[in-house]
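Trainee: Could we go through the ligand site of this structure together?

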Amino acid sequence: MDHNKLALPVGTTLDRFIMRKQEDFPYATGELSQLLRDIALAAKIVNREINRSGLIDIAGAYGSQNVQGEDQQKLDVIANIRFIRALRNGGEVCTIISEEDDEMIQTGNNQGKYVVAIDPLDGSSNIDVNVSIGTIFSIYRRVSPTGREGTAADCLQPGTHQVAAGYVIYGSSTMLVYTTGNGVNGFTYEHSLGEFFLSHPDIITPKTGAIYSINEGSSDSFSPGVAAFVQYCKDQQFSARYIGSLVADFHRNLLKGGIYVYPATAKNKSGKLRLMYECNPLAFIVEQAGGKSSNGTRRTMEIEPQIPHERCPFFIGSKELVEKAESFIANDKEACDHKPAPEPTPKKATTVK
Ligand code: AHG
Ligand code: MN
Ligand code: MN
């Protein structure tokens with residue numbers, strides 16, 4: 001009898017995986033590895049809080065609004081505290097941008113080489129109804145010298161400068177998916193052992209797909225290009241799938257192929273999603289997985305951010321579908337550019353009696 005068959009290996013833990021990856025870079029100091037471990041630790045704690053949210057008084061609204069005028073849920077606030085505390089205690093991060101905080105957060109770690117942008121809990125409307133929610137994070141190397149607080153220039157770098165990005169999905173299982181620019185790997189949380197294990201190595205997203213994810217409740221205010229693209233998806237008999245938690249919609253489409261769209265609407269004239277802690281991190285991941293991300297006309301990661309909570313239209317997913325959406329938008333723009341100027345309205349003739 002093969003004794004090994006009695007006890008199958010449990011696999012590679014996230015910690016070991018991070019350590020191995022670090023060994024690929026002979027001059028790496030281990031600070032980024034430590035930072036990723038800090039985020040994973042906070043994710044485990046947030047996962048615990050989410051799992052018991054129906055049992056203790058942490059469900060529901062907190063009674064305040066964040067800087068973007070959105071009602072904060074208690075779990076938004078709890079997750080924010082957990083991640084900030086983990087990053088502060090870890091010591092590698094000098095400054096944080098969080099969806100839940102108006103201003104940049106100075107951690108006091110002025111020697112820290114990194115800045116983090118984070119959506120501590122994504123999918124607020126789903127927190128209390130047992131539907132998947134998530135955390136999204138993006139990591140940059142600071143550009144200002146160490147020894148003092150991080151600056152706006154450290155925080156407002158384009159997505160192409162990200163050194164790592166990831167998300168956690170608290171779903172039917174809890175997963176952490178991240179990239180450091182060398183492919184995308186996914187880890188599933190094993191509750192009884194309290195560890196993330198490598199479950200989705202080297203994720204590649206399908207080139208195309210048959211899922212489109214958009215909130216069609218706002219279709220009245222879609223631009224003609226976006227409306228035409230949605231019609232194209234219907235003509236192709238794609239499946240409409242929209243959870244309302246960006247992380248969950250993105251994760252599904254990443255694995256199955258498809259496109260997620262949050263366009264400009266009458267209510268959200270620049271789109272709803274935030275460039276620094278929603279769009280850019282997912283754009284980095286999707287590109288590393290072979291997909292594409294755009295604001296409809298431009299690669300998401302090349303947008304030069306102006307303010308921490310900047311929003312942008314978002315088209316992300318399978319490369320062919322994002323390119324298709326872009327072509328509908330370009331045609332619409334062309335049609336507008338070539339529209340003849342409207343005839344001047346004829347002046348009413350004055351009747352002279
Ligand atoms: P958050 O909970 O972090 O504020 O993000 C909510 C976002 C995103 O998760 C989701 O895709 C989108 O809002 C849904 O917006 P609509 O309800 O307008 O479709
Ligand atoms: Mn969000
Ligand atoms: Mn959020």
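Mentor: The turns below deal with the surroundings of the ligand.

Mentor: This is a predicted model, in which local features need pLDDT of at least 70, side-chain atom pairs count only at pLDDT 80 or more, and totals for chains, interfaces and linings use all residues. Residues are numbered from 1 along each chain as its sequence is written, chains are lettered from A and ligands numbered from 1 in the order in which they are written, and side-chain values use heavy atoms, with hydrogens and water left out.

Trainee: How many residues surround ligand 1?

Mentor: The shell holds 18 residues, each with a heavy atom within 4 Å of the ligand. The closest are Asp-122, Ser-124, Asn-215, Tyr-242 and Tyr-262.

Trainee: And by class, what does the shell around ligand 1 have?

Mentor: Seven are charged, six nonpolar and five polar. Here Ala, Val, Leu, Ile, Met, Phe, Trp, Tyr, Cys and Pro count as nonpolar, Asp, Glu, Lys and Arg as charged, and the others, Gly among them, as polar.

Trainee: Which strand gives the most to the shell?

Mentor: Strand 5 does, with three residues. Strand 5 (114-122) and strand 13 (259-262) each supply at least two; strands are DSSP runs (E, at least two residues), numbered from the N terminus.

Trainee: Why does ligand 1 lie between domain 1 and domain 2?

Mentor: Domain 1 (11-200) and domain 2 (211-337) both contribute shell residues, so the ligand lies between them. The bounds come from an automatic or database domain assignment.

Trainee: What lies 2.5 Å from an oxygen atom of ligand 1?

Mentor: That is a polar side-chain atom of Tyr-242. For Asn-215, a side-chain N or O atom is 2.7 Å from a ligand oxygen.

Note on methods:
Polar contact = N/O pair within 3.5 Å; in protein donor to acceptor, adjacent residues only side chain to side chain. Helix = DSSP H or I, 4+ residues; strand = E, 2+ residues; numbered from the N terminus.
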